[in-house]
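Visitor: Please show me the model, and let me ask how each description of it is justified.

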Amino acid sequence: MYTPNPNQSPTGNRGWQRVFQRGKLTLGIMFPIEAFERDQPTMHNQVALAQFAEKTGFASLGFRDVPLRDPNFGDVGQVFDPWAYLGYMAAQTTEIALLTASIILPLRHPIHIAKAAASIDQLSNGRLLLGIATGDRLVEFPAFNVDFESRGAMFREEVELLKIYWSEFFPQVSSGFGHLQGADVIPKPVASLVPLLVTGHSQQDLGWIARNADGWMSYPRSIEAQEQIVQRWRDTVEAELPGQYKPFTQSYFIDLVDNPNEAATPIHLGHRLGRNALLVHLRASKRIGVDHLIFNVKYGKRPACEVLQELAEFVLPEFI
């Protein structure tokens, strides 16, 4: 069983340093950085947009993990395999955090995940933040010969194994995923660990997440509802690990319109709104304790380059 090392901290990770600062709200952008209908984006001009996001002060680039195209789901993320795309974008950027939202643990072997994540972390000079989840798309599990109902237990075991593979040299491991003896998983992460952000509950109770993850990633809600969720997270962390800081991250879909004064109206998992209403929403998010918010522009009507330019000029300066 993995025994945590009290000297290990996510604060040594450069991605963590860019994204998480107690009492501050930082902003990220999710791939594909593109407004698109149906389920599949074009993936055009993504390098230039990612580099613009980095240059103008966005804290993170978000990468989806959608193994299969499910017509009923409506979104295939950035199309490309997340590990391949992380490696590609790591080579195109230098400072911005690379954040997965989120890698589906039960559909992959933990040695593959440990090696891939540590490789990206090394190649990016310590910029990877690993969002993880159990997955919820029923069509994917039989394709991987994985029992959907077992995903919660698999998730817990894989989290423990990832920590062992990253922190120990030549560990002896016997698990449901196999037996490791006389060999080691390499490379190791830059800062001895890759920060883990659990998405949703991932079939776990909040106390387990507080003890085993470095932060929690959740979904957009009204400010009033989200305030209660954030407070419950803070209270749980304080009860489990008094005095520790474990951040709260959320996604947020926006359709940013030309009129800066247009009021917010709901869309799926976010709002259609002008930049002034967006600023009001972000200030409220900061007030209730959201540490990092990741924009998704899928449902937008304007070109992503225009949206990023407006965010960079009128919104980001307040949150850098």
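Visitor: What area does the chain expose, and how much of it do carbon and sulfur atoms supply?

Guide: The chain exposes about 13,900 Å², of which carbon and sulfur atoms supply 52%, the areas coming from the Shrake-Rupley method with a 1.4 Å probe and only the protein chains shown counting as cover for residues. This is a predicted model, in which local features need pLDDT of at least 70 and side-chain atom pairs count only at pLDDT 80 or more, while totals for chains, interfaces and linings use all residues. Residues are numbered from 1 along each chain as its sequence is written, and side-chain values use heavy atoms, with hydrogens and water left out.

Visitor: Why is the chain called as compact as a globular protein of its length?

Guide: The radius of gyration, taken over C-alpha atoms, is set against 2.2 Å times the number of residues to the power 0.38; the chain has 19 Å, close to the 20 Å given for 320 residues, so it is as compact as a globular protein of that length.

Visitor: What makes α6 mostly covered?

Guide: Buried means under 20% relative accessible area (exposed is over 50%, partly exposed in between, with a 1.4 Å probe and protein chains only), and 12 of the 17 residues of α6 are buried, among them F155, L162 and W166. Of the 320 residues of the chain, 57% count as buried.

Visitor: How do you know that the reach of α6 is close to the expected one?

Guide: The expected span is 1.5 Å times one less than the number of residues, and α6 (residues 151-167) reaches 24 Å from its first C-alpha to its last, close to the expected 24 Å.

Notes:
Helix = DSSP H or I, 4+ residues; strand = E, 2+ residues; numbered from the N terminus.
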